[in-house]
Amino acid sequence: MAQSPSSLEGFPKGEFAAFSTAKMTHFLPYSQDTTTKDLKGFFGTNFQYLTKTPIGRLKIEIPNTEPLIVQYGEIIARFTNGKFKVIDSNYFHKNFNDPLVDEDSKGIY
């Protein structure tokens with residue numbers, strides 16, 4: 001039985017950055033509010049390898065990488081080496097500092 005995704009409460013609605021040890025990572029919380037514009041901005045040239053399923057899951061199939069499935073309530077991480085990982089908020093809080101946000105609590109990236 002799959003675990004239900006953790007809550008995205010407290011995260012910016014759009015892309016943001018945070019630090020882990022000394023490396024910056026960019027994140028995109030995935031929810032029903034995530035737009036095509038958000039995805040294009042976050043994935044850049046890799047946007048062409050995304051497929052949204054009828055039930056809202058996002059399939060990421062970048063050549064020469066393992067396919068990833070993202071569901072609402074999860075977070076997509078883009079590392080400095082260009083690789084992607086799907087995490088939940090528990091993983092984020094264990095491994096990263098607080099999101100970098102502006103004075104309006106919007107994500108900085």
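**Close-up 1. Side-chain directions along strand 6 in the predicted model**. In this predicted model, E74, I76 and R78 point one way from strand 6, whereas I75 and A77 point the other way, and all of these residues are buried. In a regular strand the side chains alternate between the two faces of the sheet. Strand 6 is accordingly described as mostly covered, with five of its five residues buried, where buried means under 20% relative accessible area.

**Close-up 2. The pairing of strand 6 with strand 2 and strand 7**. Strand 6, residues 74-78, runs antiparallel to strand 7, residues 84-87, and four bridges join the two. Within this pairing, I75 has I87 of strand 7 as its bridge partner, and I76 is matched in strand 7 by V86. Strand 2 also pairs with strand 6 in the antiparallel sense, here over five bridges, and the bridge partner of P29 in strand 6 is I75. The hairpin formed by strand 6 and strand 7 has five residues between the strands, and in this hairpin G82 takes a positive phi near 85°.

**Close-up 3. The open sheet of strands 3, 4 and 5**. Three strands form an open sheet in the order 3-4-5, and their pairing is antiparallel. Strand 3 (50-52) and strand 5 (68-70) are the edge strands, each of which pairs on one side only. On average, neighbouring strands of this sheet are turned by 20° against each other, with direction ignored. Strand 4, residues 58-60, is joined to strand 5 by three bridges and runs antiparallel to strand 5, and in this arrangement K59 stands opposite I69 of strand 5.

**Close-up 4. The largest nonpolar core**. This core has 13 residues, and those with the most contacts inside the core are F43, L58, I60, I76 and F84. Two or more residues each come from strand 2 (23-30), helix 1 (36-43), strand 4 and strand 5. Of the contributing elements, helix 1 gives the most to the core, namely three residues.

**Close-up 5. The largest pocket and its lining**. The largest pocket has a volume of about 170 Å³. The residues that line this pocket are N46, I60, I62, T65, E66, L68, G82, K83 and F84. By residue class, the lining of the largest pocket divides into four nonpolar, three polar and two charged residues. Among the lining residues, I60 and F84 also belong to the group with the most contacts inside the largest nonpolar core, while G82 of the lining is the residue with positive phi in the hairpin of strand 6 and strand 7.

**Close-up 6. Two residues with positive phi that are not glycines, N64 and S105**. N64 has a positive phi of about 65° although N64 is not a glycine, and its place is in the loop between strand 4 and strand 5. With a relative accessible area of 83%, N64 is exposed. S105, likewise not a glycine, has a positive phi of about 65° and lies in the segment after helix 2 (89-95). At a relative accessible area of 51%, S105 is exposed, because the value is over the 50% that this class requires.

**Close-up 7. L100 and H26**. L100 lies in the segment after helix 2 and, at 31% relative accessibility, counts as partly exposed. L100 and H26 are 74 residues apart in sequence, and their C-alpha atoms are 10.0 Å apart in space.

Methods:
Residues numbered from 1 in each chain as written. Predicted model: local features only at pLDDT ≥ 70, side-chain atom pairs only at ≥ 80, totals over all residues. Heavy atoms only, no water. 1 Å grid on protein atoms, 1.4 Å probe; cavity = no way out; pocket = protein on both sides within 12 Å on 5 of 7 lines; lining within 4 Å. Points joined across faces, edges and corners; volume = space filled by probe spheres on them. Nonpolar A, V, L, I, M, F, W, Y, C, P; charged D, E, K, R; others polar. Pairing = 2+ DSSP bridges. Axes fitted to C-alpha atoms, helices over the stretch in contact; angles between N-to-C directions. Core = buried A, V, L, I, M, F, W, Y, C linked by side-chain atoms within 4.5 Å. Buried < 20%, exposed > 50% of the residue type's maximum accessible area, 1.4 Å probe, protein only.
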